[in-house]
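Thanks for coming. I will take this one in order and keep it short, so please have the structure open while I talk.

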Amino acid sequence: MGIEIERKFLVVGEAWRAAAHKVVPMAQGYLNDLAAIDAPVAGATAMKASVRVRIAGDEAYLNLKSRELGHTRQEFDYPIPVEDARSLLALCVGGMIDKRRHYVEHEGHLWEVDEFLGDNAGLVVAEIELDHADAVFARPGWAGAEVTDSARYYNLALATRPYAQWSPAERDGRAA
């Protein structure tokens with residue numbers, strides 16, 4: 001079973017850009033949405049995982065991730081043909097996530113900085129994957145407020161209710 005232990009932070013400033021050693025364009029969508037997970041219809045059992053399709057550069061993946069708040073989730077990632085991914089993206093519900101992922105090394109850890117485009121333009125989030133939940137890591141100066149436990153920053157939530165629809169209070173962290 002795959003386990004993902006990930007911490008997520010809002011990005012402040014532009015200092016991370018100079019440190020990025022690789023950038024990969026990504027397009028992704030979900031075969032289920034928050035409504036299917038949060039409020040199942042006709043008494044059906046709520047879905048316990050998101051099902052994502054992602055094209056990252058010239059590679060594609062089908063991903064299943066358990067629906068849990070916080071830094072630790074089950075995650076299963078399977079490579080698929082890019083043409084299959086394109087067909088699956090056409091079946092996705094909700095909005096598409098369009099972003100550029102920048103890879104940044106900082107004091108022995110790889111940070112993934114997602115610069116969102118389209119309906120989520122203006123949002124920049126950094127993630128670090130860890131070997132265990134209490135792992136110690138150096139936090140770069142551009143890693144601002146931690147949003148690991150804030151579901152609205154999850155890509156599934158951004159596909160359902162993009163950053164462009166957030167209120168000013170939500171954008172600056174004053175609203176839950």
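**Strand β1 and its partners**

Let me start with a pairing: strand β1 and strand β5, residues 72-80, run antiparallel and are joined by 3 bridges. One residue to look at here is isoleucine 3, whose bridge partner in β5 is glutamine 74. Before I go on, please keep in mind that this is a predicted model.

β1 also pairs with strand β8, residues 124-129, again in the antiparallel sense, and that pairing has 5 bridges. In it, glutamate 6 has glutamate 129 of β8 as its bridge partner. Then there is strand β9, residues 143-146, which pairs with β1 over 2 bridges, also antiparallel. There, phenylalanine 9 has glutamate 146 of β9 as its bridge partner.

How many residues of β1 are buried? The strand covers residues 3-11, and 8 of those 9 residues are buried, which leaves β1 mostly covered.

Now for the overall layout. The protein has 5 helices and 9 strands. Read from the N terminus, the order of elements is β-α-β-α-β-β-β-α-β-β-β-β-α-α. There are 176 residues in the protein, and 43% of them count as buried. If you take contacts between residues at least 6 apart in sequence, 62% of them join residues at least 24 apart.

Next, β2, β3 and β4. β2 and β3 run antiparallel and are joined by 5 bridges. In that pairing, glutamine 28 stands opposite arginine 54 in β3. β3 then pairs with β4, antiparallel, over 8 bridges. Valine 51 has leucine 64 in β4 as its bridge partner.

β3 and β4 form a hairpin with 2 residues between the strands, and in that hairpin glycine 57 takes a positive phi near 65 degrees. As for cover, β3 is largely enclosed by the rest of the structure, because 7 of its 8 residues are buried.

That brings me to the largest pocket. The space in the largest pocket is about 550 Å³. Its lining has 33 residues, and the closest to the centre are Glu4, Arg52, Arg54, Lys65 and Glu75. Which elements give two or more residues to that lining? They are β1, β2 (20-30), β3 (49-56), β4 (59-66), β5, β6 (93-106), β8 and α4 (155-160). β4 gives the most, with 5 residues. By class, the lining has 18 charged residues, 11 nonpolar and 4 polar.

Arg54, then, comes up twice: it stands opposite glutamine 28 in the β2 and β3 pairing, and it is listed among the residues closest to the pocket centre.

Glu4 is another of those central residues, and I want to spend a minute on it. Glutamate 4 is found in strand β1. Is glutamate 4 buried or exposed? Its relative accessibility is 2%, so glutamate 4 counts as buried; the cut-off for buried is under 20%. The side chain of glutamate 4 makes a polar contact of 3.3 Å with the side chain of lysine 65. Leaving aside neighbours within four places in sequence, glutamate 4 is in contact with Lys65, His71, Thr72, Arg73, Glu75 and Glu129. Glu129 you have already met, as the bridge partner of glutamate 6.

Two residues in loops to finish. The first is leucine 123, in the loop between β7 and β8. Its relative accessibility is 3%, and therefore leucine 123 counts as buried. What does leucine 123 touch? Not counting residues up to four places away in sequence, leucine 123 touches Leu10, Asp114, Glu115, Phe116, Tyr153, Leu158 and Tyr163. With tyrosine 163 there is also a backbone figure: the two C-alpha atoms are separated by 7.0 Å, although the residues are 40 apart along the chain.

The other is glutamate 107, in the loop between β6 and β7, the latter being residues 109-116. Its phi is near 45 degrees, a positive value in a residue other than glycine. Glutamate 107 counts as exposed, because its relative accessibility is 62%, and the cut-off for exposed is over 50%.

To recap the two loop residues: leucine 123 is buried, whereas glutamate 107 is exposed. That is my last slide.

Technical notes: Residues are numbered from 1 along each chain as its sequence is written. This is a predicted model: local features need pLDDT of at least 70, side-chain atom pairs count only at pLDDT 80 or more; totals for chains, interfaces and linings use all residues. Side-chain values use heavy atoms; hydrogens and water are left out. Buried means under 20% relative accessible area, exposed over 50%, partly exposed in between (1.4 Å probe, protein chains only). Helices (H or I, at least four residues) and strands (E, at least two) are DSSP runs, numbered from the N terminus. Two strands pair if DSSP finds at least two bridges between them. On a 1 Å grid over the protein atoms alone, a cavity is a set of points where a 1.4 Å probe fits but cannot get out, and a pocket is an open set with protein on both sides within 12 Å along at least five of seven lines; lining residues have an atom within 4 Å of a point. Grid points are joined across faces, edges and corners, and a volume is the space filled by probe spheres set on the points. Ala, Val, Leu, Ile, Met, Phe, Trp, Tyr, Cys and Pro count as nonpolar, Asp, Glu, Lys and Arg as charged, and the others, Gly among them, as polar. A polar contact is a pair of N or O atoms within 3.5 Å; within protein, one must be able to donate a hydrogen and the other to accept it, and residues adjacent in sequence count only if both atoms are side-chain atoms. Contact means heavy atoms within 4.5 Å.
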